[in-house]
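Please take a moment with the sequence and the structure below before reading on. The paragraphs that follow go through some aromatic rings and then through a helix.

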Amino acid sequence: MAGFPNGPRAESAGDAPPLTRIDPTIPHPARIYDYLLGGKDHFAADREAGDQLVKLSPGTREGVRAHRAFLSRGVRHLAVEAGITQFLDIGTGIPTQGNTHEIAQAANPAARVVYVDNDPIVLVHGRALLTSSEEGMTTVIEADLRDPDHILTHPRVVEVIDFSRPVGLIMAGVLHFITEGDKPGELVERYKAAVPSGSRLLLSHITLDFAPQVEEDEFTKPYDKGPAAMVPRTLAQVTSFFDGWTLVPPGVSEVVTWRPDEDEYQSPIPGGGHAWAYGGVAVKP
């Protein structure tokens with residue numbers, strides 16, 4: 001299966017060009033994350049929000065990197081151990097090293113990946129940086145996790161993903177931007193229902209379980225000016241997203257303790273004690 005010519009296809013959620021819809025005065029989770037990872041695609045508002053997080057927890061940068069490393073290990077598990085060949089990565093963020101398609105296509109050059117994010121800057125960089133293997137397919141669309149019907153029926157998505165075969169659903173570091181009013185559990189169930197037996201769900205989520213001394217309002221304040229509030233959740237709440245599916249050992253755990261490589265951070269991580277995030281993988285019976 002040939003890849004898309006000159007890299008992946010990308011489609012905007014709006015009629016205006018993506019760059020004209022980026023507001024540099026409003027911090028966005030994807031750009032804050034990029035800043036904390038040491039990237040270059042962020043604005044002053046994003047840096048200010050990121051610096052507030054670092055001030056609250058000096059280990060934030062290490063925690064973000066540990067969170068990213070969990071994603072890499074999880075995708076590797078899906079591609080190598082589980083044999084998953086197609087991936088729907090929702091809330092992907094700005095492309096950086098170790099993207100889902102790079103890991104998946106290293107294991108299987110014919111792997112297919114769809115990236116989804118609601119920040120138009122992700123669309124811009126996806127066009128330039130997310131180059132697929134010749135045998136596989138990679139595409140990026142601008143869409144919101146809270147609109148599963150749009151994503152699951154999107155022409156680019158159904159062109160790349162065959163929903164009659166197992167799919168790797170990836171929701172890494174995105175559900176903590178979905179408030180209870182948007183019914184995150186129901187949203188996740190909608191995506192889970194759309195994929196067949198043998199599919200996997202890879203999910204990670206911010207928590208304050210490792211920082212009982214930190215007030216939630218203080219922790220989430222850097223995101224108050226942005227388009228998405230942050231909602232930390234407990235172990236029980238994060239585990240509930242996997243309901244009905246079989247968790248892969250070690251189950252839902254702090255991201256640094258989920259099948260860590262020997263050269264990666266262990267818990268506690270340098271500077272901040274913990275990564276403040278849970279992660280897990282489950283298989284649909």
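Rings of Phe, Tyr and Trp, the last by its six-membered ring, count as a pair if their centres lie within 6.5 Å. In this model, which is predicted, there are two such aromatic pairs.

One of them is formed by Phe70 and Trp258, whose rings meet edge-to-face, with 5.5 Å from centre to centre and 90 degrees between the planes. This pair links distant parts of the chain, since Phe70 belongs to helix α3 while Trp258 lies in the loop between β8 and β9, 188 residues apart. Both Phe70 and Trp258 are buried. Trp258 has a further partner in Arg259, which lies over the face of the Trp258 ring at 5.2 Å from its centre.

The other pair brings together Phe210 and Tyr278, and because the ring centres are 5.4 Å apart with the planes at 50 degrees, this pair is tilted. Here too distant parts of the chain are linked, with Phe210 in the loop between β6 and α9 and Tyr278 in strand β9, 68 residues apart. Phe210 has 25% relative accessibility and therefore counts as partly exposed, whereas Tyr278, at 6%, counts as buried.

Returning to the helix that carries Phe70, one finds that α3 runs over residues 60-81 and that its 22 residues reach 31 Å from the first C-alpha to the last, close to the 32 Å expected at 1.5 Å a residue. Helix α3 is mostly covered, with 17 of its 22 residues buried. Just after α3 comes Gly83, which takes a positive phi of about 70 degrees.

Key
Residues numbered from 1 in each chain as written. Predicted model: local features only at pLDDT ≥ 70, side-chain atom pairs only at ≥ 80, totals over all residues. Heavy atoms only, no water. Helix = DSSP H or I, 4+ residues; strand = E, 2+ residues; numbered from the N terminus. Expected span 1.5 Å × (residues − 1). Buried < 20%, exposed > 50% of the residue type's maximum accessible area, 1.4 Å probe, protein only. Phe/Tyr/Trp six-rings, centres within 6.5 Å; stacked < 30°, edge-to-face > 60°. Lys NZ or Arg CZ within 6 Å of the ring centre and 35° of its normal.
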